[in-house]
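User: I'd like to go through this model with you and ask how the labels were earned. Can we take it one label at a time?

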Amino acid sequence: MIQRERLVKDFEAMAQLTAPGEGINRLAFTDADWAGRQYIIDRMTDAGLSVEIDDFGNVIGYKIGKKPDLPAVMVGSHTDSVPNGGNYDGVVGVLSAIEVIRSMIDDGYEHDHTIAVVSFMCEESGRFGNATLGSKAMRGELTLQDLHHLVDKQGISLYEALKGRNLNPDGIETMAYKRPVKSFTEIHIEQGKVLEHEQKTIGIVTGIAAPERFYVTIRGNADHSGATPMNLRHDALCGASKIILGIEEIASMQEEPPVVGTVGVVEVTPGAMNVIPGAVKLGVDIRSISKVARNSVVTLVKEFIDITAGKRGLSYTIEPIAQDHPVAMHPAMIREIEEAVKSVGVEYMTMPSGAGHDAMHWAEAVPTGMIFIPCLDGISHNPAEFAEMDDIVTGAAVLDKVLRKLSLEETKLV
């Protein structure tokens with residue numbers, strides 16, 4: 001049985017493992033992230049799991065089944081955070097999975113398939129500008145070139161960050177997870193307001209939207225702010241401002257299926273009050289549950305950038321970061337989760353996920369399902385992020401029933 005007291009203790013402990021600043025600061029591969037990761041390793045070990053670390057630092061804890069040669073039933077999420085984030089995004093998934101294992105041990109539950117609990121590294125894009133990197137690494141979707149190409153604001157590459165943690169970035173292209181996997185399940189806060197608005201305790205995810213991300217660098221002339229007349233200026237920031245508003249307008253025009261566009265990074269050079277901005281770097285994120293709709297918006301945005309730069313006498317470059325694929329959850333996994341929710345006896349709804357998750361990279365290879373619980377006012381990636389412990393316990397109880405069923409050889413996902 002799921003034990004509320006154990007979960008409360010775990011969440012309180014994780015909340016203390018953060019770098020200074022408002023909210024939670026566990027950026028990938030930092031000391032705070034490493035401390036949170038060690039806490040998870042210790043809880044896995046305490047629960048009797050055998051722990052394995054791959055070359056990217058992903059943590060996999062195994063509860064061996066009666067038939068260990070059968071494909072593993074995988075469950076997991078992440079514990080790294082964005083800057084000034086919250087203590088529930090990702091953490092709900094990892095701690096709930098560990099609590100399910102403890103519940104099974106308490107009950108003496110025996111199962112056929114081995115259960116693999118995974119804490120993925122670097123799910124958030126807050127440090128290297130690219131998300132779900134741990135799950136991409138396990139799926140064999142990262143290259144050595146990617147590790148050198150992805151660099152944080154201090155100029156540290158992902159390759160160097162991995163080396164700094166005594167991991168093996170040089171093995172990235174051969175480190176794809178080799179064991180057969182029966183299914184993947186992830187439980188997560190919704191990161192939106194739908195469940196709360198509809199007064200539902202559980203969301204069963206039908207599909208996951210995915211982003212295309214790129215940097216746009218706009219270049220003009222860094223002239224003197226007092227000596228350069230308005231008609232002779234080539235102000236990179238004014239051009240960038242026009243582009244930012246254009247991205248908002250273009251994304252808003254795509255109503256069904258919806259597309260969202262965000263500029264979350266603006267870096268101005270030289271950044272002096274008396275110098276006209278000579279260059280601006282924008283970080284652009286465009287996503288949808290429809291690849292066709294998203295690609296259409298991306299094309300229109302790039303055309304708009306070209307037109308805007310031309311009109312203002314500016315030059316620009318576009319640097320791709322990521323182009324993930326929207327995915328659907330497996331119908332059999334949706335049914336299994338629905339049965340589990342009904343047996344727990346709470347209100348639920350089916351819904352898409354507008355945010356990306358580690359689950360999206362497993363959905364292309366194995367039957368995958370996701371469970372959502374509400375978060376207060378839909379707030380996430382924010383110090384105010386909060387999930388009620390009652391909802392976390394209920395979500396863990398649903399996950400418990402799902403994993404018990406999936407870990408039996410007789411359960412077929414067709």
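**How the labels are earned**

Analyst: Sure. Keep in mind that this is a predicted model. Let's begin with Ser119, which is found in strand E4, residues 115-120.

User: Why is Ser119 called buried?

Analyst: The cut-off for buried is under 20% relative accessible area. Ser119 comes out at 3%, so Ser119 counts as buried.

User: What does Ser119 touch, leaving out residues up to four places away in sequence?

Analyst: Ile40, Met44, Asn58, Val59, Ser77, Thr79 and Val94. Contact takes heavy atoms within 4.5 Å, so each of those residues meets that limit with Ser119.

User: What makes strand E6 "mostly covered"?

Analyst: E6 spans residues 202-208, and 6 of its 7 residues are buried. Each of those 6 is therefore under 20% relative accessible area.

User: How do you know that E6 pairs with strand E12?

Analyst: Pairing takes at least two bridges. E6 and E12 (residues 348-353) are joined by 6 bridges, so they pair, and they run parallel. One of the partners in E12 is Thr350, which bridges to Ile204.

User: And what makes E13 and E11 partners of E6?

Analyst: With E13 (residues 368-373) there are 2 bridges, in the antiparallel sense. That meets the minimum of two, so E6 and E13 pair. Ile204 stands opposite Ile371 there. E11 (residues 327-328) is also joined to E6 by 2 bridges, again antiparallel, with Gly207 bridging to Ala328.

User: Which angle and handedness describe the crossing of helices H1 and H12?

Analyst: The axes of H1 (residues 4-15) and H12 (residues 389-406) cross at roughly 115° and come within 10 Å. The crossing is right-handed. Arg4, Leu7, Val8 and Phe11 in H1 meet Met389, Asp390, Ile392, Val393 and Ala396 in H12.

User: What kinds of residues make up that contact?

Analyst: It has 7 nonpolar, no polar and 2 charged residues. Arg and Asp count as charged, so Arg4 and Asp390 are the charged ones.

User: Which residues have the most contacts inside the largest nonpolar core?

Analyst: Leu7, Phe11, Val117, Trp362 and Ile392, in a core of 76 residues. Apart from it lies another core, of 22 residues, with Ala28, Tyr159, Met175 and Tyr215 among them.

User: What does Phe11 touch, again leaving out residues up to four places away in sequence?

Analyst: Phe11 touches Asn87, Tyr88, Val91, Val92, Leu95, Met389 and Ile392.

Notes. Residues numbered from 1 in each chain as written. Predicted model: local features only at pLDDT ≥ 70, side-chain atom pairs only at ≥ 80, totals over all residues. Heavy atoms only, no water. Core = buried A, V, L, I, M, F, W, Y, C linked by side-chain atoms within 4.5 Å. Buried < 20%, exposed > 50% of the residue type's maximum accessible area, 1.4 Å probe, protein only. Helix = DSSP H or I, 4+ residues; strand = E, 2+ residues; numbered from the N terminus. Axes fitted to C-alpha atoms, helices over the stretch in contact; angles between N-to-C directions. Left-handed = near helix turned anticlockwise from the far one by under 90°.
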